[in-house]
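Got your viewer open? Let's take a short walk through this one, selecting a few things as we go.

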Amino acid sequence: MFCIEVWGDYALFTRPEMKVERVSYPVITPSACRAIFEAILWKPAIEWQIKKIEVLNPIKWLSVRRNEVGAKLSIRNAQSMMSGKGKGDYSIVIDDNRQQRASLLLKEVHYRIYADFKMTDQAGQADNRIKFEKMFERRAKKGQCFYQPYLGCREFSANFELIELEENNVPRNFDSEKELLVPIPDSQDLGYMLYDLDFSCVEDPQSMFFHAKMDKGVITIPDRSSSEVKR
Amino acid sequence: MTTTNTIEKRYDFVYLFDVQDGNPNGDPDAGNMPRVDPETGMGLVTDVALKRKVRNFVQMTQEEAGYDIFIKERGVLNNLIDEAYDQEVVKAKSGADKIDQARQFMCKKYYDVRTFGAVMSTGKNAGQVRGPVQLTFSRSLDPIITLEHSITRMAVANEKDIKINESTGEKSYTENRTMGRKYTVPYALYRCHGFISAHFANDTGFTETDLEVFWQALINMFDHDHSAARGQMNARGLYVFEHDNKLGNAPAHKLFDLIKIEVNDASKPIRAFTDYTVSINEDGLPEGVKFDSKI
């Protein structure tokens with residue numbers, strides 16, 4: 001089991017049912033947690049499983065409205081540009097595609113996330129668990145990452161720190177000057193929350209949900225294959 | 001100097017800019033008042049506001065091929081005419097290879113796609129280009145004060161508002177002068193954090209030259225963005241941490257903590273950059289990280 005703390009000024013874990021005017025879940029989702037671990041280390045040979053989330057800061061909100069573009073880059077236009085058949089420039093003009101959208105963000109978030117990985121069937125002969133364990137620890141300790149992890153959206157970057165665990169998976173407090181943060185005392189039924197996307201069909205990934213309950217700041221995450229995860 | 005080498009190192013940077021008697025970023029939710037975090041009173045500037053200025057600067061200054069801008073600000077009428085032509089274009093079959101080729105092509109042609117990424121409508125999950133440059137919201141160092149100014153216009157917009165003054169007989173007399181509103185921040189210094197991932201740069205073909213263009217944009221972009229609303233905005237600091245490899249050598253937050261900005265005299269209102277002292281703890285620099293102050 002591995003544990004990291006992540007924190008940042010803002011976060012936005014968009015609820016799928018409210019993604020036009022984005023509204024965040026009150027806490028980080030397992031899929032956003034997975035993405036943070038993957039930003040530090042990921043290979044096709046491994047698959048991260050989030051085990052537990054501890055919420056260390058009270059839940060605070062902020063609303064921000066931004067001018068956004070409501071168009072996507074079209075593959076067809078790119079291809080006709082490439083072949084030289086169409087015109088040379090299909091850029092998006094924002095005056096014609098402007099949308100003002102609000103986002104309800106979280107503010108000053110801080111989480112302690114516990115996760116583990118397992119080897120997938122794509123693991124080669126040279127791959128073994130120890131190798132990836134050491135690799136992850138080395139990177140997380142040094143602050144190394146493939147790209148800077150983020151809290152839901154890329155503009156809300158995440159700071160992270162490796163937390164070493166005792167044998168019974170309790171965080172070890174090796175810094176005597178700094179006290180380990182404790183989870184907030186709130187208990188809340190968070191309702192059905194996005195668990196992750198099921199990429200077993202790459203063409204059409206399906207959302208998975210689970211019933212999230214926060215017990216004194218701690219959310220226990222069921223295993224991906226468990227019956228608590230609804231597809 | 002043009003190189004085709006994609007960047008090989010991770011960079012983290014702190015960018016400081018200030019505003020004097022202007023509105024750095026209006027909030028559409030609050031009648032275009034400067035963005036404020038209501039809890040702390042700190043001013044905010046969104047990541048997209050800065051990206052827009054980078055795009056505008058590159059569009060304005062870079063004439064070479066490969067520096068087109070995909071998300072453009074002003075409408076070009078020809079595009080609408082061309083859309084008719086667009087219909088005749090043979091619909092290309094979409095295999096994974098072709099999409100990937102198109103992606104590469106777009107990255108090569110457009111600076112902003114290569115730098116910030118773009119969403120491509122492929123209907124597939126992988127239809128996203130993630131750019132190497134990641135910017136955060138900028139936050140002011142101290143709470144900001146918003147001033148509201150009422151302004152008047154001596155002319156009217158509609159002909160029907162032009163009247164004849166009954167007492168003097170004066171023609172084209174306008175009774176209803178339009179009143180307007182303008183918001184300014186007397187002074188604020190904003191701090192923005194940014195990250196550049198060499199791994200994503202490799203994916204989109206973001207080169208050393210592109211990086212240099214990006215730094216130039218941050219240094220000079222406010223000088224090409226003057227308007228009535230903005231007042232005086234200036235880039236004040238660009239502090240770049242260069243790690244000696246792709247993954248990096250230290251946590252970004254530890255590097256950012258090396259740059260401290262303090263108010264000289266907290267009892268007086270802050271009205272100029274000289275009211276702050278920026279201190280950089282270069283001795284605290286971890287091994288394998290190079291520091292460069294670009295402004």
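## Stop one: a pair of helices in chain B

Helices α1(B) and α6(B) are roughly perpendicular to each other, because their axes cross at roughly 110 degrees and angles of 65 to 115 count as roughly perpendicular. To find them, select residues 47-61 of chain B for α1 and residues 208-220 of chain B for α6; the two axes come within 9 Å. Keep in mind as you look that this is a predicted model.

Now show side chains. From α1(B), pick V54(B), F57(B) and V58(B); from α6(B), pick V213(B), F214(B), Q216(B), A217(B), L218(B) and N220(B). Those are the residues that make the contact. Color them by class and you should get seven nonpolar, two polar and no charged.

## Stop two: a salt bridge across chain B

Stay in chain B and select E242(B) and K9(B). They form a salt bridge, with the closest N and O atoms 3.6 Å apart. How many residues apart are these two along the chain? The answer is 233: E242(B) sits in strand β14 (residues 232-243), while K9(B) lies in the segment before β1 (11-22), so to speak a link between distant parts of the chain. Across all chains, the structure holds 39 salt bridges.

## Stop three: chain A on its own

Hide chain B for a moment. Chain A has three helices and 11 strands, and from the N terminus on they run β-β-α-β-β-β-α-β-β-α-β-β-β-β. Its C-alpha trace spans about 65 × 50 × 40 Å along the principal axes.

## Stop four: where the chains meet

Bring chain B back. Here 58 residues of chain A are in contact with 71 residues of chain B. The area buried between the two chains is about 5500 Å², and carbon and sulfur atoms give 55% of that.

Next, zoom in on K107(A) and E39(B), whose side chains meet in a salt bridge at 2.5 Å, N to O. Side chains of opposite charge can pair when their charged atoms come close. Between chain A and chain B the count is six salt bridges, and there are 16 residue pairs in polar contact.

Which elements of chain A should you select to see its side of this meeting? Those giving two or more residues include β1 (2-11), β4 (60-69), α2 (75-83), β7 (98-119) and α3 (129-142). By class, that side of chain A has 25 nonpolar, 15 polar and 18 charged residues.

Key. Residues numbered from 1 in each chain as written. Chains lettered and ligands numbered in written order. Predicted model: local features only at pLDDT ≥ 70, side-chain atom pairs only at ≥ 80, totals over all residues. Heavy atoms only, no water. Axes fitted to C-alpha atoms, helices over the stretch in contact; angles between N-to-C directions. Helix = DSSP H or I, 4+ residues; strand = E, 2+ residues; numbered from the N terminus. Parallel < 35°, antiparallel > 145°, perpendicular 65-115°, else oblique. Contact = heavy atoms within 4.5 Å. Nonpolar A, V, L, I, M, F, W, Y, C, P; charged D, E, K, R; others polar. Buried area = accessible area lost by both parts, 1.4 Å probe. Salt bridge = Lys/Arg side-chain N within 4 Å of Asp/Glu carboxyl O. Polar contact = N/O pair within 3.5 Å; in protein donor to acceptor, adjacent residues only side chain to side chain.
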